[in-house]
Every structure is written in C-alpha cells, then in structure tokens.
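Please explain this structure to a reader who has not met it before. Go through it in plain paragraphs, one part at a time.

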Protein chains: 2
Amino acid sequence: MSTIIPLRPDNQSSIAAQIHRRLREDIVRGALAPGQALSESEISTRYGISRQPVREAFIRLANDNLVSIQPQRGTFVVRISVKDVMDARFVREAVEVAVVREAARNATTAAIAALRELVECQRQVAAGDNDAFLALDEAFHQELAHAAGRRSAWQAVDRIKAQMDRVRYLSYEAATPVDRLIAQHERIVDAIAARNPDEAEAAVRAHLEEILESLPEIARQYPEVFER
Amino acid sequence: MSTIIPLRPDNQSSIAAQIHRRLREDIVRGALAPGQALSESEISTRYGISRQPVREAFIRLANDNLVSIQPQRGTFVVRISVKDVMDARFVREAVEVAVVREAARNATTAAIAALRELVECQRQVAAGDNDAFLALDEAFHQELAHAAGRRSAWQAVDRIKAQMDRVRYLSYEAATPVDRLIAQHERIVDAIAARNPDEAEAAVRAHLEEILESLPEIARQYPEVFER
DNA sequence: GATCGATGTCTTGTATGGTAGTATATTTCG
DNA sequence: CGAAATATACTACCATACAAGACATCGATC
C-alpha cells in the first residue's frame, strides 16, 4: 500500500541528520500525532534506508523531548504537557528579556535595520502563508539574540521553543492574529532602536504572554493531544 | 598495554546510557582533555563493548556540545570557548533570577527547609572533598527550581551548565573559595525565606558573577584548553 | 468459566562487517 | 632536491544480523 518515500539527494549531511530534521518537522507540525508510536523498522522501510540512521534520529529527538524511547517497548511521540509548555515559555521569557535589554544597549544600526527588514517581510507574507510567517518569526527572534551579541544563547531557547511551536501549529484560529504579532514585533524593535531597555522588556513580556493566552482553550479543544 | 575497564553491572540502564554518563563526567572533569581525539573503536575495546553504544553516546555528547563529530575524520573533545562560557552564564543568570523571584513568592516552607539542609550539608563537606561539594552545589540549584515550581525549567540550564563546570574543574585554586560560595547560597535562601524577590535576584546575580570572575585568568593559564 | 502459562510477534539494544571519505606517510617522477 | 602521485591506515557512516525484553494471543489446566 505504501511506497518508498525518497529522501532528497543531499550529500552534504548524513542520512541520520536528514531523517532527524524531517521527523522533527513532522512532529512539531503535528503530522505525527502525539501519542503515536514510531517504529525504527517501519520508518526505515518507508524511506528506503536502514534502521541505523533512524535510530540515531530517535536519540536526538528524545534529547529534545519530542519522542520518548521506551526500551523493548517502542518509541512514541510525546503528548504535549501544558506544564512543560508553560515552563518553556517561562525560560524563554527570562532569556529573551535579558537578550532584548542587551540589544537595546548594544545593537548596531545594521542589526536594527535587519530587524526592521524582517518585520517588513512578515507584513508581506502575512496574507495566508502561515509556514512562511513562522519561519520569519523564528528568524526574527534569532536576530534579536544576534543583535545582542548572544547568538549562541539562542540555541538554548531554540530547543525548548519546539514545545511552544507545537501548540501554535495545533490551531491557527485560536492563536493570536498575525498582524497583532507583527505589531508586537515592531514595538520591540522600536524600543531597541530608542535604546530603551525597560520598554523593550515590557514589549517582550507582553508578546510572549499573549502567545500562550490561548493555551487553556486549545488544551480543552484537543484533549487527546495533551498529557493525562 | 591498557586493560579492559569494566562498566559497573547495571542492568537498569543501557550500555549506551552508562558510557554516555561516564564520558560526560570525564570530559567535564577534564580527565579527557579538550582537543583530544576520541575513537569509537578505541573506547569500545577499552570498556569491552561494541562500537554501537559508544557511537550513540557520542551523538548525545555532541548534542550537549561536549564533543564535535567530524564525519570521516574523527570525534574530538571540544575546546572550551570563553564566549560560550560567558553566554552560558548569561542564559543561566537570566533563568535563575526568574526562578528565585518565583521561589521567593511561591516556595513552601518545606522547600525552604530543604534548601537550608543542603547548605548545611555543604558546610560539612567543605573541608576538602571538591567533588562532593560540587554535587551538592548542583543539587542546591536544582532545588531552587523545584522550590519555584519550575523543575523542568532547570533541564534547559543543566545542559549549558556543563560548559561552566568545565572551567570550575580546571582550577580549584583560581575558583571562588568554597566557604564564600556557601555564604552566597545562604544569602539566597534567606532572601527567599524573607519573601524578598529583589534581594533574591541581587543575591543570585552576585553569586553567578563571582563564579566566573576568574575566567580570564584561567583562560590565560591554560591556553591549550581554550579555543584559538 | 476463570486463571495461569507457553508461545509468537512485536519492540529496542547490541555486535559486526563493509564502505567511503580523509589525513598522512611513502614513493615516484620531474 | 622538491613536488606531485600513490599507498596505507585510520575515521565515522550505514547496513545487517542477532539478542533480549515486553506484550498479546491462544491454549491447556484447574
């Protein structure tokens, strides 16, 4: 019934890395449902590769708390934990507040221009392409860390951010409207450009607060996707 | 010349998990020197196991940025990057400040008692056993997160904390004296017990600031251990 | 009919062989 | 003698085979 799905020929990165990226995307976007069992052998045959790279991809996914490997039993897409999402937001807020405060002090005019450019791009794709917007959103927050001279600090946030992204992908409707998010991004940039750390902090807190305002509603709407 | 070093019989966790823990410890403590090449086959023969579990351990170590896997070339213990350590401290400070502020508001009396107990233990081992103290230090900071109801938030910090710990293990002499650290711990607990978030924040910032005060000195002292 | 047990079939964990790529030492040629 | 070509000894990567635990199904026994 199912045919072999080929991986794009990519001699640059290993098969394990490619399958890892692929699975991670599928989990975050919800194509692989929480609670679903993943099988090394099933996925390996589906992509026409051996079990080994799949196994290595599982290990990395387990490190990011996206799957749970249960020895001799199976590997499962972890259900979303409301508490974990809120904790992820807590960590992200703490780090990102510190980041924008530094950015407000240290950001170069070039970095600020880059941020404005990203916001402008977000406006142009705002229409319907949610995937493109989320990619730009990711780029925006990464650029914030770059502007603060804390590029590597973003890596720590990026890991836990996946848990928040999963919620976002669950429901476009319940999420904050895109134009509203863009306005919040602009407020952050304005505060940085004005060299006002307090205002930048307030803007970030407001931004991150709103992102998860809809969490309880979504959790009620999709009970089988969440823990317990 | 070298004999086989057996792993402790531990049927609970897999060989891969055991060898991962072991190697991680050895790297953080400096038993495996930065820049040193690690070989799947060499380690596997040394511990009397196959290459497979070693390989999986390498993958997990690479995720924590403790080793660098270079395809078809080798796997190397990454040299310490001053910038990375400072960024790790930056992230840790941001998160831990947020944690103790919440702890000052929410911590139960039981949690506060547990914190005091840990500080007391630290006093008793303070004499000479540095390993024991560092374990208690780890437990203390973890308990802080627990007291704030953000246990899972500590995981994000724990990863990057390894980079800071490597520096600590480099030089006991250059590091802040243990009794001084204990006093700082006590100040944090006191602030939480007094339900004073601002004081708790100040105490944490002072604590983390001092930990890396000696970083430039150590970097000059051990140039081959650091990047570039 | 209920309960206990053997067994078949899943799963992940481990071992091992082969391959391709890289770095280095060696040889060969200009 | 110097430099390019080649042999060699590594490496990580992937595929494959086997082992061992977990679980469901079925059957025998009480």
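The paragraphs below take up the two protein chains, the sheet, a pair of helices and the DNA.

The model is a predicted one. A good place to begin is the relation between the protein copies. A turn of 180 degrees, with a shift of 0.1 Å along the axis, lays chain A on chain B with an RMSD of 0.1 Å. The two copies are therefore related as by a two-fold rotation axis. Within chain A, Ala94(A) has the C-alpha nearest that axis, at 2.7 Å from it. Both copies use the same surface, since 100% of the contact residues of chain A recur in chain B.

The contact between the chains can be described from either side. Chain A gives 19 residues to it, and chain B gives 19 residues. On the side of chain A that touches chain B, the elements that give two or more residues are helix H3 (51–63), helix H4 (82–106) and helix H7 (153–170) of chain A. H4(A) provides the largest share of this side, seven residues. By class, the side of chain A that touches chain B has ten nonpolar, three polar and six charged residues.

Next comes the sheet of chain A. This is an open sheet of three strands in the order E1-E3-E2, with antiparallel pairing. Strand E1 (37–38) and strand E2 (67–70) of chain A are the edge strands, each pairing on one side only. In general, strands of a sheet pair through backbone hydrogen bonds, either parallel or antiparallel. E2(A) and E3(A) pair in the antiparallel sense over four bridges. Two positions show how these strands are set against each other: Ile69(A) has Thr75(A) of E3(A) as its bridge partner, and Val67(A) stands opposite Val77(A) in E3(A). The hairpin of E2(A) and E3(A) has three residues between the strands, and Gln72(A) takes a positive phi near 60 degrees there. A helix also belongs to this picture: H3(A) lies across E2 and E3 of chain A and runs at about 120 degrees to E2(A).

A helix pair can be followed in chain B. Two packed helices are described by the angle between their axes and the distance between the axes. For helix H5 (residues 109–125) and helix H6 (residues 130–147) of chain B, the angle is about 170 degrees and the axes are 10 Å apart. Angles over 145 degrees count as roughly antiparallel, so H5(B) and H6(B) are roughly antiparallel to each other. The residues that make the contact include Leu115(B) and Leu118(B) of H5(B), and Phe133(B) and Leu136(B) of H6(B). By class, the contact of H5(B) with H6(B) has twelve nonpolar, two polar and one charged residues.

Last is the DNA. Which residues are closest to DNA strand C? Of the 20 residues that surround this strand, the closest are Ser39(A), Ser14(B), Ile15(B), Ser50(B) and Gln52(B). Helix H2 (40–47) and strand E3 (74–77) of chain A, together with helix H1 (15–29) and helix H3 (51–63) of chain B, each supply at least two residues of the surface near DNA strand C. That surface has seven nonpolar, nine polar and four charged residues.

DNA strand D has 20 residues around it, and Ser14(A), Ile15(A), Ser50(A), Gln52(A) and Ser39(B) come nearest. Here H1 and H3 of chain A, together with H2 and E3 of chain B, each supply at least two residues of the nearby surface. The surface near DNA strand D divides into seven nonpolar, nine polar and four charged residues.

Key:
Residues are numbered from 1 along each chain as its sequence is written. Chains are lettered from A and ligands numbered from 1 in the order in which they are written. This is a predicted model: local features need pLDDT of at least 70, side-chain atom pairs count only at pLDDT 80 or more; totals for chains, interfaces and linings use all residues. Two residues are in contact if their C-beta atoms, placed from the backbone, lie within 7 Å. Ala, Val, Leu, Ile, Met, Phe, Trp, Tyr, Cys and Pro count as nonpolar, Asp, Glu, Lys and Arg as charged, and the others, Gly among them, as polar. A residue is near a molecule or strand if its C-beta atom, placed from the backbone, lies within 6 Å of it. Two strands pair if DSSP finds at least two bridges between them. Axes are lines fitted to C-alpha atoms, for helices over the stretch in contact, and angles run from 0 to 180 degrees between N-to-C directions. Copies are superposed by least squares on the C-alpha atoms of residues with pLDDT of at least 70 in both. Angles under 35 degrees count as roughly parallel, over 145 as roughly antiparallel, 65 to 115 as roughly perpendicular and the rest as oblique.
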